[in-house]
Amino acid sequence: SNTSDVGYASPLMGILVVQDVQLGALIAIMPLLCLQTASGVAFHKLLKGGIILCITLILLLLMCRIISLLVVDRLFRLLNSFLNKKESILIGAIAVCLFFAWVSDQLGVSIELGCFLAGLAISSRGQSLAHDIPQQVK
């Protein structure tokens, strides 16, 4: 039964990852769609907003990558070595998610995108961590 599941599981996971990335991009451009004036949408405002949004997203992605490499890795190593409790890993994951949401909010990007990036940062830590966190929620 396991061998028959392998045939479609890998493409299905690929499709889900692509959908997540597309969702992140759509959430990122939503504030840009709200730019309106009394006479309608001005092209120069859309262009200026688009350029600012692109710069902000690049800055957010760079900051999240640096934070993920320098802070998130050390945080989970510290929590695992000193406390060695599964609950502390869950609290650390919530703290990372809230921090990324706060950073994205400060940059004027949606909080949802920050939480999505926090999930990417946590899941990039390895399969064991990504498996331990949902177990604690149950």
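These are my notebook entries on a predicted model.

**Ground rules.** I number residues from 1 along each chain as its sequence is written. Because the model is predicted, local features need pLDDT of at least 70 and side-chain atom pairs count only at pLDDT 80 or more, while totals for chains, interfaces and linings use all residues; side-chain values use heavy atoms, with hydrogens and water left out.

**Overall layout.** I looked up the secondary structure first. The protein has five helices and zero strands. Helices (H or I, at least four residues) and strands (E, at least two) are DSSP runs, numbered from the N terminus. Along the sequence the pattern reads α-α-α-α-α.

I then checked burial. Of the 138 residues in the protein, 28% are buried. Buried means under 20% relative accessible area, exposed over 50%, and partly exposed in between (1.4 Å probe, protein chains only). The protein exposes about 9600 Å², with areas taken from the Shrake-Rupley method with a 1.4 Å probe; for residues, only the protein chains shown count as cover. Carbon and sulfur atoms supply 70% of that exposed area.

Contacts came next (heavy atoms within 4.5 Å). Among contacts between residues at least 6 apart in sequence, 59% join residues at least 24 apart.

**Helix α2.** This helix covers residues 43-83, and Ile 51 sits in it. Is Ile 51 buried, exposed or partly exposed? I find Ile 51 partly exposed, at 47% relative accessible area. Ile 51 also joins Phe 43, Leu 47 and Ile 55 in a nonpolar surface patch of about 450 Å². Patch residues have over 30% relative accessible area and no salt bridge; like charges are joined within 9 Å, and nonpolar side chains (Val, Leu, Ile, Met, Phe, Trp, Tyr) within 5 Å. A salt bridge here is a side-chain nitrogen of Lys or Arg within 4 Å of a carboxyl oxygen of Asp or Glu.

Thr 56 is also in α2. Thr 56 counts as buried because its relative accessibility is 13%. Not counting residues up to four places away in sequence, Thr 56 touches Leu 107 and Val 109.

Asp 73 belongs to α2 too. At 16% relative accessibility, Asp 73 is buried. Leaving aside neighbours within four places in sequence, I find Asp 73 in contact with Ser 68 and Arg 125.

**Helix α3.** I checked the span of residues 86-106. The 21 residues should span 30 Å at 1.5 Å a residue, and the end C-alpha atoms are 31 Å apart, so the two agree. The expected span is 1.5 Å times one less than the number of residues. Buried residues of α3 include Ile 89, Leu 90, Val 96, Phe 100 and Val 103. Gly 108 follows α3 with a positive phi, near 85 degrees.

**Aromatic pairs.** How many aromatic pairs does the whole structure hold? I find two. One of them is Phe 99 with Phe 100: edge-to-face, 6.4 Å centre to centre, 70 degrees between the planes. Rings of Phe, Tyr and Trp (its six-membered ring) pair if their centres lie within 6.5 Å; planes under 30 degrees apart count as stacked, over 60 as edge-to-face and the rest as tilted. Phe 99 is partly exposed at 37%, whereas Phe 100 is buried at 1%. Phe 99, Phe 100 and Trp 102 form one aromatic cluster.

**Helix α4.** The 13 residues of α4 (residues 111-123) reach 18 Å from first C-alpha to last, close to the 18 Å expected. Among its buried residues I note Leu 113, Leu 117 and Ile 122.
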